[in-house]
Amino acid sequence: MANLVNLETVSKSFGVAPLLDSVSLGVQTGERIGVVGLNGGGKTTLLEILAGIEPPDSGRVSRTSDLRMAVVTQRGELPPGTVADVVLGPLGLAEHEWAGDARIRDVLSGIGIGSGHLATDGALGLDRDVSGLSGGERRRVALAAALVRELDLLILDEPTNHLDVEGVQWLANHLVRRRCSLVVVTHDRWFLDTVATRTWEVVGGAVNSYEGGYNDWVFARAERDRQADASEERRRNLARKELAWLRRGAPARTSKPRYRIESAEALIADVPEPRDSVALAAFAQRRLGRVVVELEDVRLEAPDGRVLVDDLTWRLAPGERVGLVGVNGSGKTTLLRALAGDAPLSSGKRVQGQTVRLGWLRQELDDLDGDMRVLAAVEEVAGRIQLGDREVSAGQLAERLGFTPARQRTPVRDLSGGERRRLQLTRVLMAEPNVLLLDEPTNDLDIDTLQQLEDLLDSWGGTLVVISHDRYLIERICDSTWALFGDGVLTNLPGGIEEYLRRRAAIEAAAQEVPPAAAASVRDAEPREAKVPRDAKAEQQARKEMNRLERRLEKFSAEEEKLHADLAAAATEPDKLIELDGRLREVVDQKEVTESRWLELAEEWG
């Protein structure tokens, strides 16, 4: 494989602390790289240096000649004109040419431009002027303009923001099918796990590289932290909790063989069980009483007169934890506003319990005094709160959500968008609500902060309703999933997000006059097993071989461990050391060959 872009000892600073310090790395043909790290840690800077948008302070950046590259940043800059001008104009194709191209039609429908399975009422018309688009719509247009092109390298910064669950799945499937290389900054862990073949972690001015996606990165980072005694204890505990959740939930999505997964069990042996929903519900009922928030015979309409929900009766129970999903424009935010008492009801009534204290995280940012310091903005709500069985100060909660003591002295006006979002969330939690309504809480949060948020919410004793396109968040903190399919009904989904995607695919397949591009997109949105018929006999043989390989790997691991112990015991015997070292190299080589074969089978049949 050839390198498309190379960074050699690249450094970049904004202010005193370097974001990148002598970083050397490359992007190879066919690689799909996910970039993770703390907000403000240098992820976007790394992408912009790779793309040539930002020059390095020192070092060298080289690219192959005639490199076809597209970059979608968070800047939201678009040339003037209509959506069609921006997305299709650079292709230089006549309308009948691009309309006859299945790949281009698939991108337009997948992003929600024109007609297609994601278009619904939130579709962008090709004749819309981009000057009147919202920030989220501009991001979708920029993403579509990149995806319709034939490329060698695609660089994306938080592409899943402003996409719904279905849009995220479509984008993941699309990127996996493409042959071009990819570098993407994302906080969406399901998306990272599905797309990435390699993960870069930007931390402390360095870039650490790991094979695989999110699951593999969590295992690798946990192992690194276990071996590094100087690692921060809080961060190590979070990695262990995340591992425990991954192992106790659905089958792990990791590509690591079973012997490696089992080697991590020591890390999570003493981690407490996941939340006790029954105990939390009982605790919530003592705080809330029987009545929380109830909508009775409610009808909600959009500003354009569309009926979003009709004849809805929904009674939230004490301690209930609900994930709310649906396509963009289906009415999720309006329904959340109705629960909060902020949306007008066309008919019906809303009832709120007397002891309810609502906490509402809106998508819009709070309008705070720019001269106010972060800590003062948090203490303005409360100085101390009771969090579970512990009392924490405003500063301690702010630190858990990513504001270091030094950053807590920063004026609000100097915060980035992601930091303002975290500050808004911290203020909501400091009000000690017993009913929490969260509208896309993961937007602009880095993965470490997401883990902290999930850790807080996992043991939070109250009623929770969350709208999110982050499948990991919904699966981890919610006990039930509900959906709006655009039919005016709120539907319970016992099978969670997977059931939602299956139903959406079935709805589209059953729709009359489904355009060819939309039908292709629906097929692409199906789980991979449904798309490719399996040879049952070949699969059985492959799984037998995988089991046999796993047993061999376990033997090699045990032998490798014993040889390491023998080497330590023979420290004063040079001849024996040489013999043991040769045997160790032989075992490691055999182990690597066996593991490679296991990974090949896992990729094909896993």
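**Exercise 1.** Which residues of strand 7 are buried on one side, and which on the other?

*Solution.* The model is predicted. Take one face of strand 7 to begin with: Ser181, Val183 and Val185 are buried there. On the other side, Leu182 and Val184 are buried too, which leaves both faces covered. Burial here requires under 20% relative accessible area. Five of the five residues in strand 7 (residues 181–185) meet this criterion, so the strand is largely enclosed by the rest of the structure.

**Exercise 2.** Determine how strand 7 is joined to strand 3 and strand 6.

*Solution.* Strand 3 (residues 32–37) runs parallel to strand 7 and is joined to it by four bridges. Within this pairing, Gly34 has Val184 as its bridge partner. Strand 6 (residues 153–157) is also parallel to strand 7, with five bridges between them; here Leu154 stands opposite Leu182. The connection from strand 6 to strand 7 passes through helix 6 (residues 165–177), forming a right-handed β-α-β crossover.

**Exercise 3.** Describe the open sheet with the order 2-1-4 and locate its edges.

*Solution.* The sheet is open, has three strands and shows antiparallel pairing. Strand 2 (18–28) and strand 4 (58–63) each have a single partner strand and therefore form the edges, with one side of each lacking a neighbour in the sheet. On average, neighbouring strands are turned by 10° against each other, direction ignored. Strand 1 (residues 3–13) and strand 2 are joined by seven bridges, and Asn3 has Gln28 of strand 2 as its bridge partner. Finally, helix 1 (residues 43–51) packs on the sheet and touches strand 1, strand 2 and strand 4. The direction of helix 1 makes about 130° with that of strand 1.

Notes: Residues are numbered from 1 along each chain as its sequence is written. This is a predicted model: local features need pLDDT of at least 70, side-chain atom pairs count only at pLDDT 80 or more; totals for chains, interfaces and linings use all residues. Side-chain values use heavy atoms; hydrogens and water are left out. Two strands pair if DSSP finds at least two bridges between them. Helices (H or I, at least four residues) and strands (E, at least two) are DSSP runs, numbered from the N terminus. Axes are lines fitted to C-alpha atoms, for helices over the stretch in contact, and angles run from 0 to 180 degrees between N-to-C directions. Contact means heavy atoms within 4.5 Å. Buried means under 20% relative accessible area, exposed over 50%, partly exposed in between (1.4 Å probe, protein chains only). A crossover is right-handed if, with the strands pointing away from the viewer, the path from the first strand over the helix to the second runs clockwise.
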